[in-house]
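Take a look at the structure below. The text that follows walks through it step by step.

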There are 2 protein chains.
Amino acid sequence: MVKPVSRPTSQYTHDALALLGQLVREARLGKAMTTTDLASRAGISRSLLQRIERGDPGCSIGVVFEVAALSGVPLFELEPRQLTSHLALHGEKMALLPKAVRTSTQRVKDDF
Amino acid sequence: MVKPVSRPTSQYTHDALALLGQLVREARLGKAMTTTDLASRAGISRSLLQRIERGDPGCSIGVVFEVAALSGVPLFELEPRQLTSHLALHGEKMALLPKAVRTSTQRVKDDF
DNA sequence: GAAAAATGACCCATAAATAACTCAATAAGC
DNA sequence: GCTTATTGAGTTATTTATGGGTCATTTTTC
């Protein structure tokens, strides 16, 4: 039983994950669903749902977002429609940005 | 070379992940950081950062949140301090909720 | 208070994520 | 236009997450 070398996590991330997990749990209880219910609806195992509600940083973000959506927790505080259009708009904006950056510390040219 | 059986993902989740990835990329470019820069700061590989910016649902949520925080993308539209206090308040609220739910379809008691 | 169900916390086998690398294509700066 | 860094997209070995169980505990309902 080797202790798993977990990835370092900042307080901010920890808090955000804990809050998201709490929101999911609150939404689930609000809909009077059991962990087994929600897990099967989301197509995941009950143990994974428990980890999500606990705010485990190791869960796949896709699964967590699916569960959040299923339980009614909004992502980015946007409804599905709004999120889609917001994404489209943002995509256009992205096209105007530089495709790559170049650090200024390169090409010191100290050969004089 | 077995094609990985990917987990089904809803449009909503897909959009949310794509948006989050775009926000990270935009923030990174805004700070004039290379992918290698941000990846090493976050303590992850460049290939993983690429997947995050692409909106890959398979990335660990802890890693994605860390990168978002590092690049300056706010989570829940809250600053670190606010997030912490919000979490504390929400925790108290959680204590008032029922610890378990019971589905009403149980105990049909059809033995009459 | 009793019965039944839901939850929490483990464990293990397996599937999947991640790091580290390579190489081609693209973009930035002169 | 040329040079060189940056990015995109793969591949493989290794680490880790996930599913599916079990069992004890808590909580609901009667």
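Helix α3(A) gives the largest share of the surface near DNA strand D, with 4 residues. This is a predicted model. Chain B takes part as well: the elements that supply two or more residues to this surface are α3 of chain A together with α1 (11-30) and α3 of chain B. In all, 29 residues surround DNA strand D, and A:Ser45, A:Ser60, B:Arg25, B:Arg28 and B:Thr35 come nearest. Of the strand atoms within 4 Å of the protein, 69% are sugar or phosphate. By class, the surface near DNA strand D has 8 nonpolar, 9 polar and 12 charged residues.

Now look at single contacts with the phosphates of DNA strand D. A polar side-chain atom of A:Arg51 sits 3.3 Å from a phosphate oxygen. For B:Arg7, a polar side-chain atom is 3.2 Å from a phosphate oxygen. B:Lys99 uses its backbone: an N or O atom there lies 3.3 Å from a phosphate oxygen.

Turn to DNA strand C. Here α3(B) provides the largest share of the surface, again 4 residues. Helices α1 and α3 (46-54) of chain A, together with α3 (46-54) of chain B, each supply at least two residues. There are 30 residues around DNA strand C, and A:Arg25, A:Arg28, A:Thr35, B:Ser45 and B:Ser60 come nearest. The surface near DNA strand C has 8 nonpolar, 10 polar and 12 charged residues. Of the strand atoms within 4 Å of the protein, 69% belong to sugar or phosphate, and the rest belong to bases.

Which parts of the protein meet the phosphates of DNA strand C? A:Arg25 places a polar side-chain atom 2.5 Å from a phosphate oxygen. In A:Arg28, a side-chain N or O atom is 2.7 Å from a phosphate oxygen. A:Lys99 has a polar backbone atom 3.2 Å from a phosphate oxygen.

How are the two chains related? A rotation of 180° with 0.0 Å of shift along its axis superposes chain B on chain A, with an RMSD of 0.0 Å. That is the relation of a two-fold axis. Both copies use the same surface, as 100% of the contact residues of chain B recur in chain A.

Finally, step inside chain A. Helix α1 (residues 11-30) packs against helix α4 (residues 61-71) at an angle of about 35°, with the axes 9 Å apart. The crossing of α1(A) and α4(A) is left-handed. From α1(A), A:Leu20, A:Val24 and A:Ala27 meet A:Val64, A:Val67, A:Ala68 and A:Ser71 of α4(A). These contact residues divide into 6 nonpolar, 1 polar and no charged.

Note on methods: Residues numbered from 1 in each chain as written. Chains lettered and ligands numbered in written order. Predicted model: local features only at pLDDT ≥ 70, side-chain atom pairs only at ≥ 80, totals over all residues. Heavy atoms only, no water. Axes fitted to C-alpha atoms, helices over the stretch in contact; angles between N-to-C directions. Left-handed = near helix turned anticlockwise from the far one by under 90°. Contact = heavy atoms within 4.5 Å. Nonpolar A, V, L, I, M, F, W, Y, C, P; charged D, E, K, R; others polar. Near = heavy atom within 4 Å. Polar contact = N/O pair within 3.5 Å; in protein donor to acceptor, adjacent residues only side chain to side chain. Least-squares fit on C-alpha atoms with pLDDT ≥ 70 in both.
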